[in-house]
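Here's a quick tour to go with the sequence and the 3D view. Take it one topic at a time, and keep the model open so you can click along.

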Amino acid sequence: MPDNNLQHKIVDVPTSAPNCVALTLEEVQALSYRVLTHHGLSAAQAQAIARIITAGERDECHSHGLYRLLSCTRTLQNGGVVRDATPVVSDRAPGVVAVDAQFGFSQLAFEVGSKLLIEKVRKTGIAALAINNCYHFSALWPEVEALVEHGVAALALTPSHSWVAPAGGHRPVFGTNPIAFGWPRAGALPYVFDFATSAVARGEIELYRRSGRALPEGWGVDAEGNPSSDASTVLDQGAMLTFGGYKGSALATMIELLAGPLIGDMTSVESRIVDAGAGAAPCHGELVLAFDPQFFSQGDFREDRLRAEKLFAGITDQGARLPSQRRFSARSRSLANGCVQIPEALLKDVQQLLR
Ligand code: NDP
Ligand code: PYC
């Protein structure tokens, strides 16, 4: 890994951003790796996580970038993580791969399982990867993007800890349950979306708490179910809310079922019970589906692709943007600049983890 010299110039970035420190992507990756191995994680597990955290910073997904090292190390200290876990891949059926993460983190399990998933989808047209027994804290877009690079469409779902109330209720039942989808495009960056089925990811609310900002309406409630704009009240006493009312609630339920009982793993309620207040990352399963378009086309695969492009044009031609457009712009900016801006306070907190 590159040398991790953190003597950097403080730069003032415009508008409301606080003082930031410029780090190269190599430095972000090296710092992540050092922190994780310092806390006892094996090289293979730490490398897989460091790559994802670096991708998060590169694409300016701050709630799932370096900030996640704080919860990763808390998980290593307080959770039941097997620090040198080696995921075990099982070929369950012609279209089903299962990976037992062995209570390590999800990233390495995905890396090893996705190879067989791709082999299978090339033969069956549709294939599923079920990851079990993994600690999960990351965004899902890196996974669907990795699959889309093979020319397949992909869907990924996972529960988390029960922090989110169902529409019409106020007691947490669902996790923040993200869903990500990717579609390959010839000669263009893929179509990818990835969002929580809560109004916003919990990590985002944690960042609001860190910076003392009031929450927008519709993100959370207090313990009695009254709307609250106080991040600590929502995070520690009340509940987060789903996006889109009962529609988000139903999608969150589907994710609980497909990436929980269907694959023999925990729901968000069960994951939180097992955590027993330790504050570790959720531990449960993940379901990833891949579709090879060549198997579904009625003959003219190229024409089908072109019709998909017309759909995208129908969105962008009127000035609307595609999901991931902001992220892809951030990526090209980071790659062109050769560095990313990390809030000074966050970098200090992360460096503290090396003490
Ligand atoms: P957002 O509400 O910001 O939604 C993100 C998605 O919506 C991105 O694909 C984003 O693209 C797209 N998007 C945002 N604004 C627009 C717009 N105006 N027009 C079109 N598309 C738009 O994110 P969330 O807070 O819901 O989730 C953030 C991350 O947290 C996700 O990556 C998710 O995987 C992760 N997460 C992980 C969990 C886990 O358990 N592992 C749990 C919950 C969340 P763009 O990026 O280009 O803005
Ligand atoms: O931000 O909601 C979130 C989250 C949960 C687990 C990992 N990220």
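What follows is a short briefing on the ligands, the salt bridges and a handful of residues worth finding.

Keep in mind that this is a predicted model. It holds 15 salt bridges, and two of its ligands get a closer look below. Ligand 1 has 23 residues around it, while ligand 2 has 90% of its area buried by the protein once you compare it with the ligand taken alone.

**Ligand 1**

- Start with the residues that surround ligand 1: the closest of the 23 are Ser138, Asp194, Ala196, Ala201 and Arg326.
- The side chain of Arg321 puts an N or O atom 3.0 Å from an oxygen atom of ligand 1.
- Two backbones join in as well: a backbone N or O atom of Ser324 is 2.9 Å from a ligand 1 oxygen, and for Arg327 a backbone N or O atom lies 3.1 Å from an oxygen atom of ligand 1.
- On its own, ligand 1 would expose 920 Å², and the protein buries 75% of that.
- Which elements give two or more residues to the shell around ligand 1? They are β9 (191-196) and α12 (325-337).
- With four residues, β9 makes the largest contribution to that shell.

**Ligand 2**

- Ligand 2 sits among His64, Arg68, Phe137, Trp163, Thr176, Ala201, Arg202 and Gly203.
- Click on His64 and you'll find one of its polar side-chain atoms 3.0 Å from a nitrogen atom of ligand 2.
- Arg202 uses its backbone instead: an N or O atom there lies 2.8 Å from an oxygen atom of ligand 2.
- Gly203 also has a polar backbone atom 2.8 Å from an oxygen atom of ligand 2.
- Taken alone, ligand 2 exposes 240 Å², of which the protein buries 90%.

**Salt bridges**

- Here's the basic idea: side chains of opposite charge can pair when their charged atoms come close.
- Arg58 and Asp59 show this with a salt bridge of 2.7 Å, N to O.
- Is Asp59 buried or exposed? Asp59 is buried, because its relative accessible area is 0%, under the 20% cut-off.
- Arg333 and Glu60 form another salt bridge, at 2.9 Å from N to O.
- Arg333 is in helix α12 and Glu60 is in the loop between α2 and α3, so this pair ties together parts that are 273 residues apart in sequence.
- Arg333 counts as partly exposed because its relative accessibility is 40%.
- Glu145 and Arg331 also meet in a salt bridge, this time 3.0 Å from N to O.
- That pair links distant parts of the chain too, with Glu145 in helix α5 (residues 141-148) and Arg331 in helix α12, 186 residues apart.
- Both partners are buried, with Glu145 at 10% relative accessibility and Arg331 at 15%.
- Now put some of these together: Arg58, Asp59, Glu145, Arg327 and Arg331 are linked in a network of salt bridges.

**Two residues with positive phi**

- For background, most residues other than glycine have a negative phi.
- Glu60 goes the other way, with phi near 55°.
- You'll find Glu60 in the loop between α2 (43-58) and α3, and it is partly exposed because its relative accessibility is 29%.
- Gln102 isn't a glycine either, yet it has a positive phi of about 60°.
- Look for Gln102 in the loop between β4 (96-100) and α4 (106-124); at 31% relative accessibility, Gln102 counts as partly exposed.

**Helix α3: one residue in, one residue out**

- Thr73 belongs to helix α3 (residues 68-78) and is buried, at 2% relative accessibility.
- Leaving aside neighbours within four places in sequence, Thr73 is in contact with Val35, His39 and Leu353.
- Gln77 lies in helix α3 too, but Gln77 is exposed, at 54% relative accessibility.
- With neighbours within four places in sequence left aside, Gln77 is in contact with His39 and Arg83.
- Gln77 and Gly203 are 126 residues apart in sequence and 19 Å apart in space, C-alpha to C-alpha.

**A nonpolar surface patch**

- Ile126, Phe295 and Phe296 make a nonpolar patch of about 300 Å² on the surface.
- To find Phe296, go to helix α10 (residues 293-296).

Technical notes: Residues numbered from 1 in each chain as written. Chains lettered and ligands numbered in written order. Predicted model: local features only at pLDDT ≥ 70, side-chain atom pairs only at ≥ 80, totals over all residues. Heavy atoms only, no water. Buried < 20%, exposed > 50% of the residue type's maximum accessible area, 1.4 Å probe, protein only. Contact = heavy atoms within 4.5 Å. Patch = residues over 30% accessible without salt bridge, like charges linked within 9 Å, V, L, I, M, F, W, Y side chains within 5 Å. Areas by Shrake-Rupley, 256 points an atom, 1.4 Å probe, with all protein chains shown as cover. Salt bridge = Lys/Arg side-chain N within 4 Å of Asp/Glu carboxyl O. Near = heavy atom within 4 Å. Polar contact = N/O pair within 3.5 Å; in protein donor to acceptor, adjacent residues only side chain to side chain.
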